[in-house]
Amino acid sequence: MLALLHCGRRVLADRTVQSLNKSYYSSQMAKRVAVVLAGCGVYDGSEIHEASAVLVHLSRGGATVQMFAPNIDQMHVVNHLKGEPSQEKRNVLVESARLARGNIQDLSKLSAKDHDAVIFPGGFGAAKNLCTWAVQGKDCVVNDEVKAALQAFHSEGKPIGLCCISPVLAAKVFPGCEVTVGIEKDDKYPDTSDTAAAINQLGCKHVSTSVAQSHVDQKNKLVTTSAFMCSAPIHEIFDGIGSMVQSVLKLA
């Protein structure tokens, strides 16, 4: 009889732990994350490997995802085979739909109140279509809808993830913030030093961080990683984006 009582208590305890674990993981799975794209393709849109890595890590983290992009013309279109601009015109939202498998919304419909976090993959589109950093550097202008989205999530105290060149968006919108675009004065990060210098000139702080890691600005809830700002094997870039996504989900 005593053995049965102990067994019953053990079963009850196990069920309580299972219930708590289920509750915990359910809360983790409830994270709603917006991903903002900038086209399709490294030279004039979102970097495809980075965008895919973001989505894989969000899926692994149990998040639900909705993708968005501004309904605007690209700055220009680049022939990715030749690496040269072409004469055609393309729309950022239409091109981003390729990455989203058609499941994407106009950025104007993004509401910070309906999401727990937002992530911006990199690629030249972040510096050409979401802002004008590619041609104006630190004097660039951020797209109005992009700026509004960043400010909305920031004011709600919700985390913002940015990788590759997209951390410059935060540097323009949030004076005094901390971001990383890689390690300065390192040949593996050929464009980091100049970009970091411009970020510092904006009154922000660049923090040198390796490609497989991310940097967290706790005050502003910004999580950044260098991704393809580094000439690294793709698995290291994938790991760095994973670090960024995990930190974003923890802050959400």
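**Figure 1. Ala 34 meets its partner Gln 66 in strand S2.** In this predicted model, we start with a single pair of residues: look for Ala 34, and you'll find its bridge partner, Gln 66, in S2. They belong to a longer match-up, since strand S1 (residues 32–36) and strand S2 (residues 64–69) run parallel and are joined by five bridges. Helix H6 packs on the sheet here, touching S1, S5, S6 and S7, and its direction makes about 140° with that of S6. Helix H3 lies across S2 and S5, and runs at about 165° to S5.

**Figure 2. Seven strands line up in an open sheet.** Now take in the whole sheet: reading across, the order is S5-S2-S1-S6-S7-S11-S10, and the pairing is mixed. Which strands sit at the edges? They are S5 and strand S10 (215–217), each of which pairs on one side only. Neighbouring strands of this sheet are turned against each other by 25° on average, if you ignore direction.

**Figure 3. Strand S11 is covered on both faces.** Zoom in on S11 (residues 222–225) and check its two sides: Leu 222 and Thr 224 are on one, Val 223 and Thr 225 on the other, and all of them are buried. That split fits a handy rule: in a regular strand the side chains alternate between the two faces of the sheet. S11 also has a strand on either side in the sheet order, S7 and S10. With S7 it runs parallel, and four bridges join the two; one of the pairs to look for is Gly 161 with its partner Val 223 in S11. With S10 the pairing is antiparallel, over three bridges, and here Asp 217 has Leu 222 of S11 as its bridge partner. S10 and S11 make a hairpin with four residues between them, and Lys 221 in the turn has a positive phi of about 55°.

**Figure 4. Helix H8 has a buried side and a face turned away from it.** Which residues of H8 (residues 192–201) are buried? They are Thr 192, Thr 195, Ala 196, Ala 198 and Ile 199. These buried residues cover an arc of only 160° around the axis, so they end up on the same side of H8. It helps to remember that an α-helix has 3.6 residues a turn, so residues three or four places apart point the same way. What do the buried residues of H8 pack against? Their neighbours are helix H5 (133–136), helix H7 (167–173), strand S8 (178–179) and strand S9 (205–206). Swing round to the face turned away from the buried side, and you meet the exposed residues Asp 194 and Gln 201. After H8 comes Gly 203, with a positive phi near 90°.

**Figure 5. Glu 95 and Arg 98 join up within helix H3.** Their side chains meet in a salt bridge, with N to O at 3.2 Å. Both residues lie in H3 (residues 92–99), three residues apart, which is about one turn of the helix. Buried or exposed: which word goes with Glu 95? Glu 95 is buried, because its relative accessible area is 6%, while Arg 98 counts as exposed at 56%.

**Figure 6. Lys 113 reaches Glu 156 across the sequence.** The closest N and O atoms of this salt bridge are 2.8 Å apart. Lys 113 lies in the loop between strand S5 (104–106) and strand S6 (117–120), and Glu 156 in the loop between helix H6 (144–155) and strand S7 (160–163), so the pair ties together parts that are 43 residues apart in sequence. Lys 113 counts as exposed, at 59% relative accessibility, and Glu 156 as partly exposed, at 35%. Elsewhere, salt bridges that share partners join Glu 88, Arg 90, Glu 95 and Arg 98 into one network. Among its links is the bridge between Glu 88 and Arg 90, at 3.0 Å from N to O.

**Figure 7. Tyr 43 and Phe 124 make a tilted ring pair.** A search of the whole structure turns up one aromatic pair. Its ring centres are 6.4 Å apart and the planes sit at 40°, so the pair counts as tilted. Tyr 43 lies in the loop between S1 and helix H2 (48–60), and Phe 124 in helix H4 (residues 124–128), so the pair ties together parts that are 81 residues apart in sequence. Tyr 43 is partly exposed, with a relative accessible area of 35%; Phe 124 is partly exposed too, at 41%.

Terms used:
Residues are numbered from 1 along each chain as its sequence is written. This is a predicted model: local features need pLDDT of at least 70, side-chain atom pairs count only at pLDDT 80 or more; totals for chains, interfaces and linings use all residues. Side-chain values use heavy atoms; hydrogens and water are left out. A salt bridge is a side-chain nitrogen of Lys or Arg within 4 Å of a carboxyl oxygen of Asp or Glu. Buried means under 20% relative accessible area, exposed over 50%, partly exposed in between (1.4 Å probe, protein chains only). Two strands pair if DSSP finds at least two bridges between them. Axes are lines fitted to C-alpha atoms, for helices over the stretch in contact, and angles run from 0 to 180 degrees between N-to-C directions. Contact means heavy atoms within 4.5 Å. Rings of Phe, Tyr and Trp (its six-membered ring) pair if their centres lie within 6.5 Å; planes under 30 degrees apart count as stacked, over 60 as edge-to-face and the rest as tilted. The arc is that of the directions from the helix axis to the C-beta atoms.
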